[in-house]
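Reader: I should be grateful for a close account of one part of this model, with the cut-offs behind each term. Please begin with the residue of interest and then widen the view.

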Amino acid sequence: MALYDNYLDKNNFTDEQIEEERDKKYRYYRGQLNDFRTLFDNQINDVEFEVKFEKLMDGYLNYRILNLVN
């Protein structure tokens, strides 16, 4: 897992930088989650649903990878 290993390298990131990155990734994920929720107020287009779902999962996985650093 290259991204995970990158964050574990203390030569590249301090604990504070990792925490800032984690907060940034979490805010991105929450934004994608809110975008995803808007689909349920409308008639759902399959392509739009898939694109937003993939962005949501990408944001979530990136955020979770940073949580593994702790």
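Author: F53 is partly exposed, its relative accessible area being 36%; that class lies between buried (under 20% relative accessible area) and exposed (over 50%), with a 1.4 Å probe and protein chains only. The model is predicted, so local features need pLDDT of at least 70 and side-chain atom pairs count only at pLDDT 80 or more, while totals for chains, interfaces and linings use all residues. Residues are numbered from 1 along each chain as its sequence is written, and side-chain values use heavy atoms, leaving out hydrogens and water.

F53 sits in helix α3 (residues 46-68); helices are DSSP runs of H or I with at least four residues, numbered from the N terminus. Together with M57, Y60 and L61, F53 forms a nonpolar surface patch of about 340 Å² accessible area. For such a patch, nonpolar side chains (Val, Leu, Ile, Met, Phe, Trp, Tyr) are joined within 5 Å, each residue having over 30% relative accessible area and no salt bridge, that is, no side-chain nitrogen of Lys or Arg within 4 Å of a carboxyl oxygen of Asp or Glu. Areas come from the Shrake-Rupley method with a 1.4 Å probe. An α-helix has 3.6 residues a turn, so residues three or four places apart point the same way.

Helix α2 (residues 15-38) offers another view: its buried residues include I18, Y29, L33 and F36. The chain as a whole follows the pattern α-α-α, and 24% of its 70 residues count as buried. About 5,200 Å² is exposed by the chain, with carbon and sulfur atoms supplying 48% of that area.

Key
Helix = DSSP H or I, 4+ residues; strand = E, 2+ residues; numbered from the N terminus. Patch = residues over 30% accessible without salt bridge, like charges linked within 9 Å, V, L, I, M, F, W, Y side chains within 5 Å.
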